[in-house]
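Student: Could you take me through one part of this model up close, starting from a single charged pair and working outwards? I'd like one connected story rather than a list.

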Amino acid sequence: MRAIRSSLTLLMAAAACAQTQNEPASLSGDVTHTVTGAPILRAHITLRGNAPNGATYGALTNAEGKFAITGIPAGIYQATVERIGFFLPPLPGNRTTVEVNLRAAEKKEDLKFRLAPLGSISGRVVDAKGEPVEGVAVTIDAGQGYSPIRDTTDDQGRYRLVGLQPGKHKVRANVGGLPTPPEVRSDGTTEIRYAPTWYPGAATYREGVRVELVAGAEVSGIDIPLVRIPMVRISGKVFDFPPEVRTATLSFAQTTGSRGSGNVKRDGTFEVWNIDPGKYFLTASWQGTGNQRVQTAPIDIEIGQQHIDRLELRLVPPSDIAGTIIYEDEGARPPAPQQAGQQGSQAPRQVLTVPQPPPPPGTPQSAQRPPDNRAPRVEVRTVDPGIYGTSSAISDVAADGSFRLNGVPAARFRVMPTWQNAYVKSVTLGDTQRDGNVLYLRNGSAGAALTVLLSSAFGSVSGTVADQSGPVNGARVALLRDDFVSLGDVTFTNTDATGAYNYQNVRPGKYRLAVVEEYDLAPRAGNLDDYEDILVHVDVQPKDKVTKDLKRHK
């Protein structure tokens with residue numbers, strides 16, 4: 001009898017345990033204001049399950065700032081919160097979500113979020129006489145991966161930029177204009193041209209003054225008097241322009257991704273007015289035979305306050321390049337292929353030549369291509385931005401180090417091995433050697449052979465970031481090569497909870513290092529002048545471990 005009772009007890013306990021294991025969990029907590037501590041109504045909490053679950057749950061806070069989510073299966077979830085007019089400050093470790101591990105039947109009641117209020121900047125845009133200017137675009141860059149925050153001035157020249165996070169912002173006013181000659185006027189007046197102008201009336205980004213904004217503040221009186229500049233033109237000719245082509249386009253591109261365009265006449269000549277001052281890559285392109293896009297070799301121009309005439313754009317035939325890789329040390333050799341059937345001794349094979357969209361600004365070189373565990377390959381990718389983004393060519397590398405790239409257009413390229421344990425120390429085209437990984441092909445290769453020297457003697461740069469209050473968590477650190485060519489020469493990282501940052505696999509060379517604002521476009525354009533007071537210069541030698549402690553910009 002006792003045995004029967006014991007069995008029944010065990011069966012009931014097992015059933016209860018099984019029922020508990022299938023019972024859903026619940027999650028509750030609150031959302032409050034970081035400045036006032038007051039509860040925030042109608043904040044949206046999102047709970048997303050990790051794979052393989054993948055389910056999403058949500059809730060809104062009540063008048064007391066509290067929320068509750070029930071009926072949640074056991075699992076690991078990522079929780080975050082959003083509310084119009086607020087933002088979630090970086091969480092410990094610079095995270096944007098909170099990981100929640102829910103067990104079956106668990107009732108977790110302590111999830112707390114603190115939201116900070118967004119602020120605004122307002123003012124007026126006026127002309128050289130102090131009169132309001134209507135229809136001017138006023139912008140602040142919101143940071144990498146986000147659209148700029150913008151407004152357009154009204155008939156009183158007024159603007160208001162809302163939804164701004166705390167920090168120091170540069171405000172820009174841009175009138176814009178048509179790429180046409182100045183109006184012909186018979187009343188003795190002349191058409192006025194205004195340059196993009198930074199507060200408080202600066203013609204360059206570097207001269208602009210930052211506007212400091214604390215959480216929830218509304219800063220007014222940020223007036224911008226526009227800077228007047230001459231109306232200048234560029235003109236020239238596209239040589240070898242096919243007479244049967246009806247439409248051709250000029251493309252003005254900058255390293256930051258800014259673009260403009262103009263037209264080419266049927267005889268190959270062009271004339272474009274009123275391009276904003278700055279440095280550009282200039283090309284012409286049109287639809288060729290078989291609907292393939294034809295593009296001239298890019299040239300560099302810098303638009304200032306003088307006309308630029310007699311420019312020449314030329315077609316340079318694509319190059320077929322035979323190359324060889326030389327290894328400075330054994331550590332630079334590619335790892336053995338991991339897939340069966342790979343024959344390292346086979347002849348080099350052209351894999352692909354395709355247009356590709358440009359990588360996100362500031363993307364580290366190693367992150368611009370996935371690791372390749374198949375046969376080793378070498379890739380060349382354009383540095384000069386064309387009208388349709390970048391293009392690349394990839395070839396297998398044979399056991400003797402030889403490779404072949406076919407149909408490479410006239411431009412500048414980065415040369416990159418697809419294995420991660422090596423970097424390009426130098427490239428030699430014919431008799432011309434250049435340190436670094438940039439290959440100059442704007443005039444074609446003229447059949448010259450390419451030699452690529454690889455090394456594994458990476459260096460590293462590490463240190464801490466602090467301000468007057470101590471170590472800074474989540475600070476953004478920029479590492480920029482002194483011989484900046486394009487976005488591949490600037491990388492970013494964030495500090496951890498102890499204020500530490502760490503750059504591994506750094507190509508030897510001279511660099512500039514600074515703590516920068518998250519939304520600042522200047523580092524992506526190769527310019528750290530705005531941080532001169534806290535800028536640190538570092539010289540990374542092969543296998544060098546550089547330690548540099550930094551101050552946050554104030």
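**A buried acid and its partners**

Tutor: Let's start with Asp489 and Arg414, whose side chains meet in a salt bridge at 2.7 Å, N to O. Asp489 lies in the loop between strand E41 (476–481) and E42, while Arg414 belongs to strand E34, so the pair ties together parts that are 75 residues apart in sequence. Both Asp489 and Arg414 are buried. Bear in mind that this is a predicted model, so take all of this as a reading of the prediction.

Asp489 has another partner too: its side chain meets that of Arg507 in a salt bridge, at 3.3 Å from N to O. Arg507 sits in the loop between strand E43 (500–506) and E44, and Asp489 in the loop between E41 and E42, so here the parts tied together are 18 residues apart in sequence. How buried are these two? Asp489 comes out at 5% relative accessibility and Arg507 at 11%. Buried means under 20%, so Asp489 and Arg507 both count as buried.

Now look at the strands around those loops. An open sheet of 4 strands runs in the order E42-E41-E44-E45, with antiparallel pairing. At its edges stand strand E42 (490–494) and strand E45 (536–540); each has a single partner strand, so one side of each is left without a neighbour in the sheet. From one strand to the next, the twist averages 25°. Strand E44 (residues 509–516) is joined to E45 by 5 bridges, and the two run antiparallel. If you want a spot to find that pairing on screen, Leu513 stands opposite Val536 in E45.

Go back to Arg414 for a moment, in strand E34, and follow that strand into the nonpolar interior. The largest nonpolar core has 24 residues, and the members that touch the most others are Ile325, Phe403, Val415, Leu450, Val452 and Leu454. Strand E34 (412–417) supplies at least two residues of this core, as does each of strand E29 (319–327), strand E31 (377–382), strand E33 (402–408), strand E35 (423–429) and strand E38 (450–455). Leu454 is a handy place to zoom in: beyond its sequence neighbours up to four places away, Leu454 touches residues including Ile325, Tyr327, Glu328, Pro417, Trp419 and Val424.

Glu328, from that list of contacts, brings us back to charges. Glu328 forms a salt bridge with Lys425, with the closest N and O atoms 2.5 Å apart. This is a link between distant parts of the chain: Glu328 is in the loop between E29 and strand E30 (350–356), and Lys425 is in strand E35, 97 residues away. Set against the Asp489–Arg414 pair, which is buried on both sides, this one has Glu328 partly exposed at 39% relative accessibility and Lys425 partly exposed at 36%.

To place all this in the whole chain: the structure holds 21 salt bridges, and the protein chain has 1 helix and 47 strands. Of its 554 residues, 46% count as buried. Among contacts between residues at least 6 apart in sequence, 70% join residues at least 24 apart.

Methods:
Residues are numbered from 1 along each chain as its sequence is written. This is a predicted model: local features need pLDDT of at least 70, side-chain atom pairs count only at pLDDT 80 or more; totals for chains, interfaces and linings use all residues. Side-chain values use heavy atoms; hydrogens and water are left out. Two strands pair if DSSP finds at least two bridges between them. Axes are lines fitted to C-alpha atoms, for helices over the stretch in contact, and angles run from 0 to 180 degrees between N-to-C directions. A nonpolar core is a set of buried Ala, Val, Leu, Ile, Met, Phe, Trp, Tyr and Cys residues joined through side-chain atoms within 4.5 Å. Buried means under 20% relative accessible area, exposed over 50%, partly exposed in between (1.4 Å probe, protein chains only). Contact means heavy atoms within 4.5 Å. A salt bridge is a side-chain nitrogen of Lys or Arg within 4 Å of a carboxyl oxygen of Asp or Glu.
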